[in-house]
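Here is a short tour of the strands and nonpolar cores in this structure. Please keep the sequence and the 3D view at hand as you read.

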Amino acid sequence: MKAIWKDTVIAESSDTRIVENNHYFPMEDIKKEYFKPSESHTRCPWKGKASYFHVEVDGEINKDAAWYYPEASHAAKPIENYVAFWNGVKVTE
């Protein structure tokens, strides 16, 4: 699977995990040069507290376009530190 924004592959993996129709990519399979830490957090009742990244390509920033669970709940442990995308990031084969 690939995650693409602004015609740039920002993550690529053969080991994504699907939860609630989202592909979660292993942290080691994201291209870290496109990711900037965000101060944003949200809470999912069953997955826990999510942290976010801004995605930056060619000087354009897509705020909070990627999220992950650094300390996932017991039920969500399989996606702990796996990264998912939204807000215009296309995930495709």
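## The first hairpin

Ala-3 stands opposite Ala-11 in S2, and Lys-2 faces Glu-12 of that strand. S1 and S2 pair in the antiparallel sense over four bridges; strands here are DSSP runs of E with at least two residues, numbered from the N terminus, and two of them pair if DSSP finds at least two bridges between them. Two residues separate S1 and S2 in this hairpin, and Lys-6 in the turn has a positive phi of about 55 degrees.

## About the model

This is a predicted model, in which local features need pLDDT of at least 70 and side-chain atom pairs count only at pLDDT 80 or more, while totals for chains, interfaces and linings use all residues. Residues are numbered from 1 along each chain as its sequence is written, and side-chain values use heavy atoms, leaving out hydrogens and water.

## An open sheet

The order S2-S1-S9 describes an open sheet of three strands with antiparallel pairing. Its edge strands are S2 and S9 (90–92), each pairing on one side only.

## Two cores

The largest nonpolar core (buried Ala, Val, Leu, Ile, Met, Phe, Trp, Tyr and Cys residues joined through side-chain atoms within 4.5 Å; buried means under 20% relative accessible area with a 1.4 Å probe, protein chains only) has 17 residues. Ile-10, Phe-35 and Phe-53 are among those with the most contacts inside it. Strands giving two or more residues to this core include S1 (2–5), S2 (8–12) and S6 (48–57). Apart from it lies another core, of twelve residues, including Tyr-52 and Ile-79.

Definitions and conventions. Buried means under 20% relative accessible area, exposed over 50%, partly exposed in between (1.4 Å probe, protein chains only).
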